[in-house]
Amino acid sequence: MKREALQSLPDHTRGSTMHGTHEADKPRHDAFNKVQEMAAIKSKLLLAGLTTYDIDRTYGLARGTAGTTLREPNASGERAIAAALGTKPHLLWRRRYHASGQRKSPQPPANYERPPTMRQRQNSTAV
């Protein structure tokens with residue numbers, strides 16, 4: 001394939017082979033979905049006029065628990081945030097719960113991975 005033709009192809013097809021794209025070539029949307037999930041919950045808290053610190057105080061959690069719960073699983077933090085928003089935890093964190101509303105136990109390791117920072121996300125799109 002000529003260089004000009006290769007450059008005109010979309011990014012997701014450049015590394016593909018005759019049999020399709022390899023698993024390593026596929027973009028990972030897991031981290032992006034996790035960031036979207038966190039942003040959605042934060043926006044709901046903002047619209048309700050709540051902060052994570054307010055939730056910690058109101059529900060008797062250790063300081064920082066509600067904020068950490070946005071990134072990592074924590075049953076008491078999930079229940080407190082959901083109660084403050086007037087909803088159920090399984091509706092906010094679909095990765096941490098089964099469709100029936102039962103909490104996954106043990107949590108998948110991916111739920112403990114930190115999402116990339118804003119700078120890391122910007123650098124990966126620039127490359």
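Me: Why does Glu 78 count as buried?

Reply: Glu 78 has 0% relative accessibility, and buried means under 20% relative accessible area, with exposed over 50% and partly exposed in between (1.4 Å probe, protein chains only). So Glu 78 counts as buried. Bear in mind that this is a predicted model, where local features need pLDDT of at least 70 and side-chain atom pairs count only at 80 or more, while totals for chains, interfaces and linings use all residues. Residues are numbered from 1 along each chain as its sequence is written, and side-chain values use heavy atoms, leaving out hydrogens and water.

Me: What makes Arg 96 and Glu 78 a salt bridge?

Reply: Their closest N and O atoms are 2.9 Å apart. A salt bridge is a side-chain nitrogen of Lys or Arg within 4 Å of a carboxyl oxygen of Asp or Glu, so this pair makes the cut. Arg 96 sits in the loop between α7 (89-92) and α8 (118-126) and Glu 78 in helix α6, so the pair ties together parts 18 residues apart in sequence. Arg 96 is buried as well, at 2% relative accessible area.

Me: What else does Glu 78 form a salt bridge with?

Reply: Arg 103, with the closest N and O atoms 3.0 Å apart. Arg 103 is in the loop between α7 and α8 and Glu 78 in helix α6, so here the parts tied together are 25 residues apart in sequence. Arg 103, at 27% relative accessibility, falls in the partly exposed class. Put the pairs together and Glu 78, Arg 96 and Arg 103 are linked in a network of salt bridges.

Me: How many salt bridges does a search of the whole structure find?

Reply: Three. One of them joins Asp 54 and Arg 57, at 2.7 Å between the closest N and O atoms. Both residues lie in helix α4 (residues 52-58), three residues apart, about one turn of the helix. An α-helix has 3.6 residues a turn, so residues three or four places apart point the same way. Arg 57 has a relative accessible area of 52%, so this one is exposed.

Me: What makes a stretch a helix, and how many helices does the protein chain have?

Reply: Helices are DSSP runs of H or I with at least four residues, strands are runs of E with at least two, and both are numbered from the N terminus. By that rule the protein chain comes to eight helices and zero strands.

Me: How do you know which element has the highest mean pLDDT?

Reply: pLDDT is the predictor's confidence in each residue, from 0 to 100. Helix α6 has the highest mean among the elements, 96, and α2 (residues 11-14) the lowest, 48. Over residues 12-28, pLDDT stays under 50. For the protein chain, the mean is 79, and 74% of residues reach 70 or more.

Me: What is Asp 56 in contact with?

Reply: Contact means heavy atoms within 4.5 Å. Leaving aside neighbours within four places in sequence, the partners of Asp 56 include Leu 61, Gly 64, Thr 65 and Ala 66. Asp 56 lies in helix α4 and is buried, at 3% relative accessible area.

Me: What lies 2.8 Å from a polar atom of the side chain of Asp 56?

Reply: The backbone nitrogen of Gly 64. The backbone nitrogen of Ala 66 lies 2.9 Å from a polar atom of that side chain. As for Thr 65, this residue is in helix α5 (residues 65-71) and is buried at 15%. Its contacts beyond four places in sequence are Asp 56, Asn 74 and Gly 77.

Me: What makes a nonpolar core, and how many residues has the largest?

Reply: A nonpolar core is a set of buried Ala, Val, Leu, Ile, Met, Phe, Trp, Tyr and Cys residues joined through side-chain atoms within 4.5 Å. The largest has 13 residues, and those with the most contacts inside it include Ile 41, Leu 45, Ile 55 and Trp 93. Helices α3 (30-47), α5 and α6 are the elements that give two or more residues to this core. In α6 (residues 75-85), the buried residues include Ile 81 and Ala 82. Leu 45 touches Ile 81 and Leu 85, among others.

Conventions
A polar contact is a pair of N or O atoms within 3.5 Å; within protein, one must be able to donate a hydrogen and the other to accept it, and residues adjacent in sequence count only if both atoms are side-chain atoms.
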